[in-house]
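Visitor: Hi, I have a few minutes and a new model to look at. Could you walk me through it?
Guide: Gladly, here it is.

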Amino acid sequence: MKWSILIARPFGVEVRLHLTFLLLLAFFGWRGWDASGGSLRGALSSVAFQSMIFGCVLLHEFGHVLMARHFGIRTRDVTLLPIGGVARMDSTGETPRQELLIALAGPAVNVVIAALAFGWLLLAPVVQGSFDLALLRGPAPLALMVVNVFLVVFNLIPAFPMDGGRVLRAILSWRGNRVWATRVAATVGKGLALVMAGVVLLGMGGIIPFQQPLLLFIALFVWIGASQEADAVATTSVLHGVSVRDTMMREFRVAAPFDSLRDLSEWLLAGYQQDFPVVAQGEIIGIVSRADLLRGLSGGGPDTLVRDVMREDFTVASPFEPIEAVLRRTQAGEGAATAIPVVEGGILVGLVTAENVGEYVMVTAALKGVRGGRV
Ligand SMILES: [Zn+2]
């Protein structure tokens, strides 16, 4: 994600902070300073309150991340945005049961924090009034409890993109159709977004104890999230059960180790492809990505040989593998090739590229539309 900085790597998962998030903290600092008549304490307590909320959001995300890891699902990174946290996972769960447990693990963390805060309030009345947090004029454990109860309630609204939407989909798809279940959860999400926006725009927002522009913003966020989820599932349902062989690119250019980068740049410009597999004596020995080609050209000029810039560590696929599994296994590393060579009995038979798979999805969806089916 652009405009974000890496702040930590707990459990090997990158945690990033979006720069707009720092603006939000500065804004709350200013508001706290202003509201308290210009005291530093007021500013700091406002920033502390906001940081505490996002600490709880981060722990919530790690609830999802660790449950997903329990099922062998990798998380690429977690980004904190002003609207909340986003964990990019390879999958939201392979079965309805996994999806249900991963979705519930986030709010479960907030239930635990709220319960601990409640215990703290009961057992240590001494702390009451000792360090008030702005915005919520009460002691810290009370603020912590209220924030976490809010996070549980908000996230369990049964609509995409909230966790509650995933819970709803998992339950609806327990015995069958995941695409239908997603469509229902997405429709509920869009309906909710419309109701929220309508309430604000008709000036009836007073009935909800929330800041009106923020509510409108959340409505937009819910609408976009619900649409994206519906699209993503439509795509995966087309690809479900499809093998690499059906979606791979069969016509492409192959480079030899002693070809020059001049040849490759001509092919690139002619629009053949972006990544070139390198073949010697019938066997694939490397791959040159567009980034490798450009680096080679600027470093050694057009006469540089392919074998000097090609990378030898790359992933390959078999023609009979499910395409879903291969798409999840993209090439790692900076400037790596986006294409995955398909090899059968040591011989290069195809290339898997995101564009080609995307075209397959479009063609299949269009054909199904003609026959009156649903994607
Ligand atoms: Zn969540």
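Visitor: Let's start in β10: which residue there is the bridge partner of Val-343?
Guide: Leu-348 is the partner of Val-343 in that strand. Before we go on, this is a predicted model, where local features need pLDDT of at least 70, side-chain atom pairs count only at pLDDT 80 or more, and totals for chains, interfaces and linings use all residues. Residues are numbered from 1 along each chain as its sequence is written.

Visitor: Noted. In what sense do β9 and β10 pair, and over how many bridges?
Guide: They pair in the antiparallel sense: β9 covers residues 340-344, β10 covers residues 347-352, and 5 bridges join them. Two strands are said to pair if DSSP finds at least two bridges between them.

Visitor: And what goes on in the hairpin of β9 and β10?
Guide: There are 2 residues between the strands, and Gly-345 takes a positive phi near 55°.

Visitor: Which residues do β7 and β8 cover, and how do they run?
Guide: β7 is residues 276-280 and β8 is residues 283-288; they run antiparallel, joined by 5 bridges. Within that pairing, Pro-277 of β7 stands opposite Ile-287 in β8. They also form a hairpin, again with its count stated: 2 residues lie between the strands.

Visitor: What's phi like at Gln-281?
Guide: Positive, at about 45°, although Gln-281 is not a glycine. For context, most residues other than glycine have a negative phi. Gln-281 sits in the loop between β7 and β8.

Visitor: Is Gln-281 buried or exposed?
Guide: Exposed, because there are 5 other C-beta atoms within 10 Å of Gln-281. The cut-offs on C-beta atoms placed from the backbone are 20 or more others within 10 Å for buried, 12 or fewer for exposed, and anything in between for partly exposed.

Visitor: Where is Phe-11, and what is its phi?
Guide: Phe-11 is in the loop between β1 and β2, and its phi is near 55°, a positive value in a residue other than glycine. Phe-11 counts as exposed because 10 other C-beta atoms lie within 10 Å.

Visitor: Let me zoom out. How many helices and strands does the protein have?
Guide: 13 helices and 10 strands. These are DSSP runs numbered from the N terminus: H or I of at least four residues for helices, E of at least two for strands. Of the 375 residues, 31% are buried.

Visitor: What share of the contacts is long-range, joining residues at least 24 apart?
Guide: 60%, taken among contacts between residues at least 6 apart in sequence. A contact here puts the two C-beta atoms, placed from the backbone, within 7 Å.

Visitor: Back to strands: in what order do the 4 strands of the open sheet come?
Guide: The order is β1-β2-β3-β4, with mixed pairing. β1 (4-8) and β4 (84-89) are the edge strands, each pairing on one side only. From one strand to the next, the twist averages 30°.

Visitor: And how do β2 and β3 pair?
Guide: In the parallel sense, over 4 bridges, using residues 14-18 for β2 and 75-81 for β3. Glu-14 stands opposite Asp-77 in β3.

Visitor: Which strands do helices α1 and α2 cover or touch?
Guide: α1 (residues 19-35) lies across β1, β2 and β3, running at about 55° to β2. α2 (residues 40-70) packs on the sheet and touches β2, β3 and β4, its direction making about 20° with that of β4. Axes are lines fitted to C-alpha atoms, for helices over the stretch in contact, and angles run from 0 to 180 degrees between N-to-C directions.

Visitor: Now helix pairs. At what angle do α3 and α5 pack?
Guide: At about 155°, with 8 Å between the axes of α3 (residues 96-123) and α5 (residues 163-172). The two are therefore roughly antiparallel. Among the residues making the contact are Leu-100 and Leu-104 of α3 and Val-167 and Ala-170 of α5.

Visitor: How do α9 and α10 cross?
Guide: Their axes come within 10 Å and cross at roughly 130°, α9 being residues 261-270 and α10 residues 290-300. That makes them oblique; under 35 degrees is roughly parallel, over 145 roughly antiparallel, 65 to 115 roughly perpendicular, and the rest oblique. The contact includes Leu-264 and Leu-268 of α9 with Leu-293 and Leu-297 of α10.

Visitor: Last one: where does Ala-108 lie?
Guide: In helix α3. Ala-108 is partly exposed, because 17 other C-beta atoms fall within 10 Å. His-64 is 44 residues away from Ala-108 in sequence and 9.4 Å away in space, C-alpha to C-alpha.
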